[in-house]
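Let's walk through this model together, starting with the order of its elements and ending with a small group of rings. Keep the 3D view open as you read.

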Amino acid sequence: MSKTVSDYIAGLSGTPAAVAKELHGAILAAGGTRDSVKWGHPIYEAGGPVCLIKAAKDYVTLGFWRGADMLDLDPRLAKGGGKGDMAFIKVKATGEVDGAQVARLVAKGIALNAEKGDPFKS
């Protein structure tokens, strides 16, 4: 049986569990993506991968595949190491989750995929 995003979140504890639940809800509320678990964590896709959430011990990473093109939308976005256009936000508390801001970032990620194509194929 495939692991669902709900299963992933249910397997977390403490602050990361609460943050992941809130981020998942905000991403789904933004609309336009479908969720699944790939590479061991939740992925949200629309015309290719848009964003991910990945829990660590004390925070949850919210990552965007085309985040390098979105740095001006949120000062917390930081480019990841290595190749690619990904950028990430480390979310350490539920109070740091702004549903409207998550919706803006997700919408921009969807728009960039529509404009540039699937990040895995471009």
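Follow the protein chain from the N terminus and you meet its elements in the order α-α-β-β-β-β-β-β-α. That comes to three helices and six strands. Do keep in mind that this is a predicted model.

Now zoom out to the overall dimensions. Along its principal axes, the C-alpha trace of the protein chain spans about 35 × 35 × 30 Å. A compact globule of 122 residues would have a radius of gyration near 14 Å, and the protein chain has 13 Å, so the two agree. Buried residues account for 40% of the 122 residues. Contacts tell you about the fold as well: of those between residues at least 6 apart in sequence, 54% join residues at least 24 apart.

The surface comes next. About 6300 Å² of the protein chain is exposed, with carbon and sulfur atoms supplying 53% of that area. As for charge, the protein chain carries 16 positive and 13 negative side chains, and the centres of these two sets lie 5 Å apart.

With the overall picture in place, let's turn to the aromatic rings. A pair of aromatic rings is described by the distance of the centres and the angle of the planes. How many aromatic pairs does the structure hold? There are three aromatic pairs. One of them is formed by Trp 39 and Phe 120, which meet edge-to-face at 5.7 Å centre to centre, with 85° between the planes. Why does this pair tie together parts that are 81 residues apart in sequence? Trp 39 lies in the loop between strand 1 (34–38) and strand 2 (41–45), whereas Phe 120 lies in the segment after helix 3 (99–116), so the pair spans that separation. Trp 39 is exposed, because its relative accessible area of 54% is over the 50% cut-off. Phe 120, at 49% relative accessibility, counts as partly exposed.

Phe 120 has another partner. Trp 65 and Phe 120 also form an edge-to-face pair, at 6.0 Å centre to centre and 85° between the planes. This pair, too, links distant parts of the chain: Trp 65 sits in the loop between strand 4 (60–64) and strand 5 (78–79), 55 residues apart from Phe 120 in the segment after helix 3. Is Trp 65 buried or exposed? At 10% relative accessibility, Trp 65 counts as buried.

Put these pairs together and you have a cluster: ring pairs link Trp 39, Trp 65 and Phe 120.

Key. Residues are numbered from 1 along each chain as its sequence is written. This is a predicted model: local features need pLDDT of at least 70, side-chain atom pairs count only at pLDDT 80 or more; totals for chains, interfaces and linings use all residues. Side-chain values use heavy atoms; hydrogens and water are left out. Helices (H or I, at least four residues) and strands (E, at least two) are DSSP runs, numbered from the N terminus. The radius of gyration is taken over C-alpha atoms; the globule rule is 2.2 Å times the number of residues to the power 0.38. Buried means under 20% relative accessible area, exposed over 50%, partly exposed in between (1.4 Å probe, protein chains only). Contact means heavy atoms within 4.5 Å. Accessible areas come from the Shrake-Rupley method with a 1.4 Å probe; for residues, only the protein chains shown count as cover. Lys and Arg count as positive and Asp and Glu as negative; His and the chain ends are not counted. The place of a charge is taken as NZ of Lys, CZ of Arg, CG of Asp or CD of Glu. Rings of Phe, Tyr and Trp (its six-membered ring) pair if their centres lie within 6.5 Å; planes under 30 degrees apart count as stacked, over 60 as edge-to-face and the rest as tilted.
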